[in-house]
Amino acid sequence: MGFVKLEKQGHVGIMTIDRQEALNALNSAVLTDLDAAIDQAEQDSEIYVVILTGAGRSFVAGADIGEMKEFSSIDGKKFGVHGGNVFLKLENMSKPVIAAVNGFALGGGCELSMACDIRLASEKAKFGQPEVGLGITPGFGGTQRLPRIVGISKAMELILTAKVIGAAEAKAIGLVSEVYPPEELMGKAMEMAEAICANAQIAVCESKRCIRKGMQTDINTGSSFEAEAFGVTCGTRDKDEGMGAFLEKRAEKHFQNK
């Protein structure tokens with residue numbers, strides 16, 4: 001995982017894309033390293049929440065134009081499938097993923113942030129899908145996730161004009177949850193991650209699963225997912241502990257993820 005580092009702080013896995021000489025642009029090697037890091041974080045039972053960020057002054061500036069310039073149609077589709085599959089794996093992790101967007105999140109970088117569950121941004125962050133200005137379309141899920149997050153009209157505007165927006169506008173349209181001064185971003189992301197870690201993890205993972213699956217289907221089917229998850233969590237020791245603490249007026253809870 002030469003271009004992607006995975007470090008642990010308590011139950012938080014911090015995944016950092018580090019290809020600073022190219023502003024962390026995504027090429028085939030970076031995507032392969034990211035794929036491996038996702039597998040490692042998923043399989044590590046001590047990691048409850050993942051924070052994804054970029055090294056230096058960029059989150060991910062986009063896909064690597066130098067690599068893509070020589071693509072044929074076949075090469076382009078293969079690259080799109082590769083990146084799309086990695087981003088789907090990230091989106092479908094059982095564990096919550098927080099994007100700490102520290103700088104440029106353009107093209108593939110914006111798409112990567114959208115594959116995360118929660119997006120927090122630095123005041124210096126920039127978002128956009130500028131692909132049509134390069135003669136291509138978004139290739140890693142931008143045409144699919146952006147309208148689901150910000151609505152069809154705003155997604156059409158951003159994608160078809162290739163407009164780049166700042167963090168404040170990204171928050172205004174719902175693309176990010178919060179915006180912080182650059183020096184506070186990782187601390188705030190850790191605070192949020194630790195708040196999630198403090199809860200019952202079976203319930204956290206089941207809640208994420210219901211939201212993700214429910215967003216892809218009708219409300220009746222989604223409600224059946226939720227009923228199933230509710231039943232699963234009602235059979236856990238964590239439910240007994242959480243409800244016991246509430247009834248006993250105990251602030252301290254001892255969840256066992258069982």
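Axes here are lines fitted to C-alpha atoms, for helices over the stretch in contact, and the angles between their N-to-C directions run from 0 to 180 degrees. With that in hand, let us walk through this predicted model, taking its helix pairs before its pockets and its cavity.

## Helices that pack together

Start with helix H1 (residues 28–43) and H3, whose axes lie 10 Å apart and make an angle of about 25 degrees. Angles under 35 degrees count as roughly parallel, and H1 and H3 are therefore roughly parallel to each other. Their crossing is left-handed. On the H1 side, the residues in contact are Ser 28, Leu 31, Thr 32, Leu 34, Asp 35, Ile 38 and Asp 39. Facing them from H3 are Phe 79, His 82, Gly 83, Val 86, Phe 87, Lys 89 and Leu 90. Sorted by class, the residues of this H1 and H3 contact are seven nonpolar, four polar and three charged.

Further along the chain, helix H5 (residues 142–150) and helix H6 (residues 152–161) have axes that come within 7 Å and cross at roughly 135 degrees. H5 and H6 are therefore oblique to each other. H5 passes H6 in a right-handed crossing. From H5, Gly 142, Thr 143, Leu 146, Pro 147 and Val 150 take part, and they meet Ile 152, Lys 154, Ala 155, Leu 158 and Ile 159 of H6. This set of contact residues holds seven nonpolar, two polar and one charged.

How are H9 and helix H10 (residues 219–234) packed? Their axes are 9 Å apart, at an angle of about 170 degrees. Angles over 145 degrees count as roughly antiparallel, so that is how H9 and H10 lie relative to each other. H9 brings Ile 202, Ala 203, Glu 206, Arg 209, Cys 210, Lys 213 and Gly 214 to the contact, while H10 brings Gly 222, Phe 225, Glu 226, Glu 228, Ala 229 and Thr 233. In the contact of H9 with H10 there are five nonpolar, three polar and five charged residues.

## Pockets and a cavity

Now for the spaces between the atoms. Here they are side by side.

| Space | Volume | Lining by class |
|---|---|---|
| Largest pocket | about 630 Å³ | 11 nonpolar, five polar, seven charged |
| Second largest pocket | about 480 Å³ | 13 nonpolar, seven polar, three charged |
| Largest cavity | about 30 Å³ | six nonpolar, one polar, no charged |

The largest pocket has a volume of about 630 Å³. Of its 23 lining residues, Glu 91, Cys 116, Asp 117, Ile 211 and Arg 212 are the closest to the centre. At least two lining residues come from each of helix H3 (73–91), strand E7 (118–122), H5 and helix H9 (201–214). Which element gives the most to this lining? That is H9, with six residues. So the helix that packs against H10 also serves as a wall of the largest pocket.

The second largest pocket, at about 480 Å³, is lined by 23 residues, and the closest to its centre are Ala 63, Met 68, Glu 131, Ile 136 and Thr 137. Helix H2 (65–68), H3 and helix H4 (108–114) are the elements that give two or more residues to this lining. H3 has the largest share here, with three residues. H3 thus appears in the linings of the largest pocket and the second largest pocket, besides its contact with H1.

Finally, the count comes to one cavity of 30 Å³ or more. What lines the largest cavity? Its lining is made of Cys 110, Phe 127, Gly 128, Leu 146, Leu 158, Ile 165 and Leu 175. Among them, Leu 146 of H5 and Leu 158 of H6 also belong to the contact between those two helices. By class, this lining has six nonpolar residues, one polar and no charged ones.

Key:
Residues numbered from 1 in each chain as written. Predicted model: local features only at pLDDT ≥ 70, side-chain atom pairs only at ≥ 80, totals over all residues. Heavy atoms only, no water. Helix = DSSP H or I, 4+ residues; strand = E, 2+ residues; numbered from the N terminus. Parallel < 35°, antiparallel > 145°, perpendicular 65-115°, else oblique. Left-handed = near helix turned anticlockwise from the far one by under 90°. Contact = heavy atoms within 4.5 Å. Nonpolar A, V, L, I, M, F, W, Y, C, P; charged D, E, K, R; others polar. 1 Å grid on protein atoms, 1.4 Å probe; cavity = no way out; pocket = protein on both sides within 12 Å on 5 of 7 lines; lining within 4 Å. Points joined across faces, edges and corners; volume = space filled by probe spheres on them.
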